[in-house]
Amino acid sequence: MKVELKKDIYWVGYTDWDIRDFHGYRTSRGSSYNAYMIKDEKIAVIDSVKALYAKHLLANIAMIAALDKVDYVVCNHAEPDHSGSLPVLMEACVNAELVCNAKCQKTLSMYYDTAKWKFKIVDEASQISLGSHTLTFMNTPMAHWPESMFTYIPEEKLLFSMDAFGQHYARSEHFDDEVPMDEVMQEAKTYYANIIMLYGKQVGKVLERAAGLDIEMIAPSHGIIWRKNLGTIIEAYKRWIVCKAEPKVLIFFDSMWKSTEKLADAIYEGARQDGVCVKKHDLKSTNITELADEVIDCAVMAVGSPTLNKGMMPKVAQALTYLKGLAPESKAAVAFGSYGWAKKGGAHAIMEYLTAMNCELLSEEPLQCQFVPTEEVLQEATELGEKLAKKALEIAHAK
Ligand code: FEO
């Protein structure tokens, strides 16, 4: 079935229903690798798909035009989920030029044997006329890689936004007005948190520049295409870019013999105050993809681990390593946990991570108990929860 975005502009990508692990990202709803095609006096393909699915890309293109009629293959982003099938595509499209910026050419040449490819290097001043459509380009460094760029067709007010505004979300439908908005926004948020959050500042600059374009449709490289709810996704990006805090306390922990879990439960009870959302995640059952999604809009984090081998539990170390890499901004935080005989163990190791993440530490020492929390310590944990709730309200309402 042909999927037409606008007259003579088609989706020719691949919907990946089965993927559940995208280099560590838990893709619970699958994904898609969106490629597009414009049929005019000249024919252009925008982006490609993972190497494994090259034959589907070729078949989709061939439904619309013969492969030897393709004049241009535009590569907006060299990451292999979008460039992996370029070797097959460039071999099949014998008359096509590979359109990309200079940085992208360098990156592609490291991934693939590009000796036989005819490159057409573009910059922001370049325009390629296909007839009634013009391809223009905007460099968007670090959204998601240094060579990333947008392609824009002014006559159609259509932006090919590459990873930006994407979602790992497999659907047979292709447009935002055909799918449940709560699902697509959830997947867009999870995608932003796990893929883009580290580059929030750069993406903010990209958004500022893209605001000068007249846009009616945004076609990203993953997930559904935005044609109705552009304002919703753009406003959401503005919040996510600054990690805008809600009045939300996020508690996450692992536990060995339930002592740290009891502390988490007591903090949770204390934090349950009017107007405050409290989330409690035992890392035995919450994966890091879901956790990143929770972190982006929390105001305060409480992170717990018992001491294990003088340090913290592996799942807590994994979560903090991952979050430190994503660099969420402007979070307040505390650490807690139990220990047996090594008091400077798990909870202190957490404090080091929270410091490295530039969190505002709400206490100089973690909340700890030896082996089992006493009633006094549990009361202390409840009071800590109350303090975190108050702080979450302060942070959220200060912005
Ligand atoms: Fe979907 Fe950065 O690649």
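Which helix joins β20 and β21 in a right-handed β-α-β unit? It is helix α11 (residues 346-356), and you will meet it again in the second view below. The legends describe a predicted model, where local features need pLDDT of at least 70, side-chain atom pairs count only at pLDDT 80 or more, and totals for chains, interfaces and linings use all residues. Residues are numbered from 1 along each chain as its sequence is written, and side-chain values use heavy atoms, with hydrogens and water left out.

**View 1. An open sheet of seven strands with mixed pairing.**
Follow the strands in the order β1-β2-β7-β8-β9-β10-β11. Helices (H or I, at least four residues) and strands (E, at least two) are DSSP runs, numbered from the N terminus, and two strands pair if DSSP finds at least two bridges between them. The edges belong to β1 (3-6) and β11 (118-121); each has a single partner strand, so one side of each is left without a neighbour in the sheet. On average, neighbouring strands are turned by 25° against each other, direction ignored. Axes here are lines fitted to C-alpha atoms, for helices over the stretch in contact, and angles run from 0 to 180 degrees between N-to-C directions. At the β1 edge, three bridges link β1 with the antiparallel strand β2 (residues 9-11), and V3 sits opposite W11 of β2. Helix α4 (residues 102-111) packs on the sheet and touches β10 (97-100) and β11, its direction making about 120° with that of β10. Contact means heavy atoms within 4.5 Å.

**View 2. Strand β20 and its parallel partners.**
Eight of the eight residues of β20 (residues 332-339) are buried, so this strand is largely enclosed by the rest of the structure. Buried means under 20% relative accessible area, exposed over 50%, and partly exposed in between (1.4 Å probe, protein chains only). A332, V334, F336 and S338 point one way from β20, while A333, A335, G337 and Y339 point the other way. Strand β19 (residues 300-304) pairs with β20 over five bridges, with A302 opposite V334. The chain reaches β20 from β19 through helix α10 (residues 314-326) in a right-handed β-α-β crossover. Right-handed means that, with the strands pointing away from the viewer, the path from the first strand over the helix to the second runs clockwise. Two bridges connect β20 with β21 (residues 360-361), and four join β20 to β22 (residues 367-370). In β22, Q370 is the bridge partner of Y339.

**View 3. A close look at A332 in strand β20.**
A332 is buried, with a relative accessible area of 1%. Its bridge partner in β21 is E360. Leaving aside residues up to four places away in sequence, A332 touches A299, V300, M301, E360, L362, K391 and I395. The C-alpha atoms of A332 and L361 are 5.9 Å apart, although 29 residues separate the two along the chain.

**View 4. Helices α5 and α7 packed together.**
Helix α5 (residues 181-196) packs on helix α7 (residues 230-241) at an angle of about 35°, with their axes 11 Å apart. From α5 come M181, M185, A188, K189, Y192 and I196, and from α7 come T232, I233, A236, Y237, W240 and I241.

**View 5. A211 in the loop between α6 (200-210) and β16 (217-220).**
A211 is exposed, with a relative accessible area of 62%. The C-alpha atoms of A211 and I234 are separated by 9.7 Å.
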